[in-house]
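Student: I have a multi-chain protein open and want to go through its contacts. Can you take my questions as they come?
Tutor: Go ahead.

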Amino acid sequence: MPNDKNSQKIVDIIKNAARKHSLFVLAYGTGCGAIEIPPTMTSRYDAERFGIRGMATPRQADVLLVTGYLATKTLKRVIRAYEQMQDPKYVIGFGSCTINGGMYWDSYNTIKLLDKYIPVDVYINGCMPRPEAVITGFIELQKLIAEGKADGATKYKENLDWYRANQKKVIKNWNMPDYNW
Amino acid sequence: MTENSLDKEQQIVNHLVGTFQNLTGKVKRNRRIEVSIEKKQITSVLNYVKDHLGFIHFSHMSCVDWLEDGYFELVYILWSPEQKIQLLVKALVDRENASVENADMIWRQLNTYQREIREMFGVNFIGMKGDKEFILEDWDNMPPMRRDFNTVDYIQEVYFERPGREDAQNVRETISKRTGEEIPEVATKYSRD
Amino acid sequence: MDTNSWISILGFIATVVLAFTVGVSYGGIVRKITARIQNRVGPPVYQNFFDIFKLYSKSTAVNHGWMQHLGPAFAITASVTSLMFIPVLNGQGEFWFANLNFKGDLIFLLYMMVFGSLGMALGAGQTGNPNSAIGVSRGLSQMVGYEIPWVLALVALMLQTKSTSITGIMDYQIAHGTWMMFESPLAFIAALMAMLGMFHYAPFDVTFAPAELSSGPASEFGGKYLAMMMTSGSIFAFVKLALFVDIFMGGASNLIMLVVKTFLLYMVPVLYGIVSPRYRTEQSIRYFWGWPTLIGVLGVLYVVFVR
């Protein structure tokens, strides 16, 4: 196994295989997208067969699923939830609202581009994406993880100043705790 | 819709016009009355129709921004379950330093609506309790539902825009040109462009 | 050290590995069974191994104070220590994997089995998460509920076999050629009903209720701590099942019998849980202080007066 920068070590391959097959999801149900999560998880589409499982708190979760538009007020909570998650962590942007604002593109209180505020690994487009699309998005994320390319959290740490500047531009009263990851 | 059925509504209008000065009212249609009052009469009119005319149910309160005339119009929508009549009470308020008497002692749920209007239009309700922030958080600009608030300028200043959206081209047309798909007539008829 | 010490140390390690493997596999099988009952495909049976391995490979950067770091350690210590007192197999008159055994170890085990939960409670209490606090208080209340029928059942067994050690009870069963679940059925029923609460499956999952408490005491524990808790939970499930098999079903003479007996026993809380919604805390306590306690008392009286 060549050990240059672009290839993974054997340990990483094993770790990534385990991470790929076990995704604990924190579904941050903003907007209308939250209604697509129950059918994805239950009998009809059964995301659990891919190892995808809902988790109740950010501390336990691997994947943050942002399911729709984010008001600036909600963005603050999403950032807090994201920063409480433990590495390695991934974000899936769900629906056109997270991609370019969608039908809320001219709303005074809704952010348009989610990836300017937190790093997004996979986008699922559609308004709303159906459960099939959601599962496809998860499989895409699994592929990225197996290749070691889902490194949004690393980017976030490296470019923290840039992300913080963007976040503080919309969240004027910044009174958030610093998490020591 | 017989003539008889409007008698009840007309009676209420006549009664109100006779009771209050500077009150104009008319029957909009079956079961719907609209009265316009002055802003200092708001609490007394609301109290009166609640206590004496049976409009005990408060349905909604909203605000209309008449930018050209320089007024906010507050609209209180009431309902009488006995007579099955809807009453719209309208009052005009100056846009500059708009302030009205608080009315949430008549219906407690008015407090919620008033707080929303205070936040979204900047109408000050004198003597109202409740936090200054209601829906918005850390908002330091002009109240956003005012018509002179330029939303597009604001979002271009504060938020990012995904490249490719600025020319506002008809995406469907572009794709159909590329793929040779025919757009059905229904789609073009109801298109925004 | 002499050869016997080395053999017993190897025995310890083998027991822990066995308990971990069996416990985690059972967890995976339960998820599969749940999925099939809900008409889903479900995750593969080895899914829980992936989950635990992944959680061990995660970073853990949560600091609320030293008790929070000790909580999961307490839980896993309690599980492994309890495991040391469980004779896993019984051969022809001798006990394999007998590990640590002494007179009165059943009473010691009663305390030891609570120790892990108390450690977790202290750890979860320090995180300051309100969900954890509610979960801890619910869990301890429920423990007060199911401990009573459970202890009554054990008292009945101890009275009947005139022994307070697990090996003593197993000896009694071998000597009389019968199982305690037939010898003293009332005690078995009371213990079985208490077991429903011990496994924290629905309808007694008030502690971890993910929908209302966001996993309760575990809500501030992520990464390696969650992995430790899952490991400890899997081992502890095996401890409880093996203990039940030992004292009520005559123990197991080989590993296959052990797996068959524990699996059948495990299906009781699992299948009861899958088809049940969740109780409220006071309903759960009322359940345990009702029929199970009455049956436990009757079981003790039966042993004292009839036999």
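Student: How much area do chain C and chain A bury between them?
Tutor: About 2400 Å², with 51% of it on carbon and sulfur atoms. Keep in mind that this is a predicted model.

Student: Which three residues of chain C supply the most of that?
Tutor: Arg40(C), Lys54(C) and Lys58(C). They account for 24% of the area that chain C buries against chain A, more than any other three residues.

Student: And how many residues does the contact take from each chain?
Tutor: Chain C puts in 32 residues and chain A puts in 28 residues.

Student: What's the salt bridge count between chain C and chain A?
Tutor: There are 7 salt bridges between chain C and chain A. One of them joins Asp51(C) to Arg53(A), where the closest N and O atoms are 3.9 Å apart.

Student: How many residue pairs are in polar contact there?
Tutor: The rule finds 19 such pairs across the interface of chain C and chain A, counting pairs with both residues at pLDDT 80 or more.

Student: Which helices of chain C supply at least two residues of the side that touches chain A?
Tutor: Helix H2 (47–56) and helix H10 (223–248) of chain C. H2(C) gives the most to that side, with 6 residues.

Student: How do the residues on that side divide by type?
Tutor: On the side of chain C that touches chain A, 12 are nonpolar, 14 polar and 6 charged.

Student: Now chain B. How much area is buried between chain B and chain A?
Tutor: About 2100 Å², and carbon and sulfur atoms give 53% of that. Tyr159(B), Phe160(B) and Arg162(B) lose the most area to chain A within chain B, together 37% of what that side buries. The contact takes 21 residues from chain B and 26 residues from chain A.

Student: How many salt bridges does the rule find between chain B and chain A?
Tutor: It finds 4 salt bridges across that interface. Among them, Lys172(A) pairs with Asp140(B), with the closest N and O atoms 3.6 Å apart. Chain B and chain A also have 6 residue pairs in polar contact, both residues at pLDDT 80 or more.

Student: Where does the largest share of chain B's side come from?
Tutor: Helix H4 (residues 151–158) of chain B, which gives 5 residues to the side that touches chain A. The residues of that side divide into 13 nonpolar, 1 polar and 7 charged.

Student: What about chain B and chain C, how far apart are their nearest C-alpha atoms?
Tutor: 25 Å, and the two chains do not touch. Of the 2 pairs of chains that are in contact, chains A and C share the most contacts.

Student: Switching to aromatics. How many aromatic pairs are there over all chains?
Tutor: The count comes to 34. In one of them, the rings of Trp162(A) and Tyr163(A) have centres 5.1 Å apart and planes at 75°, so the pair is edge-to-face.

Student: Are those two buried or exposed?
Tutor: Trp162(A) is partly exposed, with a relative accessible area of 42%. Tyr163(A) counts as buried at 6% relative accessibility.

Student: Why does the pair Tyr26(C) and Tyr266(C) count as stacked?
Tutor: Because the planes of Tyr26(C) and Tyr266(C) are at 25°, with the ring centres 5.6 Å apart. The pair links distant parts of the chain, 240 residues apart: Tyr26(C) is in helix H1 (residues 3–37) of chain C and Tyr266(C) is in helix H11 (residues 255–274) of chain C. Tyr26(C) and Tyr266(C) are both buried.

Student: Which residues form an aromatic cluster with Tyr108(A)?
Tutor: Trp139(B), Phe149(B), Tyr154(B) and Tyr159(B) are in one cluster with Tyr108(A). Tyr159(B) came up before, as one of the residues in chain B that lose the most area to chain A.

Student: Last one, Ser82(C). Where is it placed?
Tutor: Ser82(C) is in helix H3 (residues 66–84) of chain C. At 0% relative accessibility, Ser82(C) counts as buried.

Student: What does the side chain of Ser82(C) reach?
Tutor: The backbone oxygen of Ala78(C), at 2.5 Å. Leaving aside neighbours within four places in sequence, Ser82(C) is in contact with Leu109(C), Met112(C), Met113(C), Phe236(C) and Val239(C).

Technical notes. Residues numbered from 1 in each chain as written. Chains lettered and ligands numbered in written order. Predicted model: local features only at pLDDT ≥ 70, side-chain atom pairs only at ≥ 80, totals over all residues. Heavy atoms only, no water. Contact = heavy atoms within 4.5 Å. Buried area = accessible area lost by both parts, 1.4 Å probe. Salt bridge = Lys/Arg side-chain N within 4 Å of Asp/Glu carboxyl O. Polar contact = N/O pair within 3.5 Å; in protein donor to acceptor, adjacent residues only side chain to side chain. Helix = DSSP H or I, 4+ residues; strand = E, 2+ residues; numbered from the N terminus. Nonpolar A, V, L, I, M, F, W, Y, C, P; charged D, E, K, R; others polar. Phe/Tyr/Trp six-rings, centres within 6.5 Å; stacked < 30°, edge-to-face > 60°. Buried < 20%, exposed > 50% of the residue type's maximum accessible area, 1.4 Å probe, protein only.
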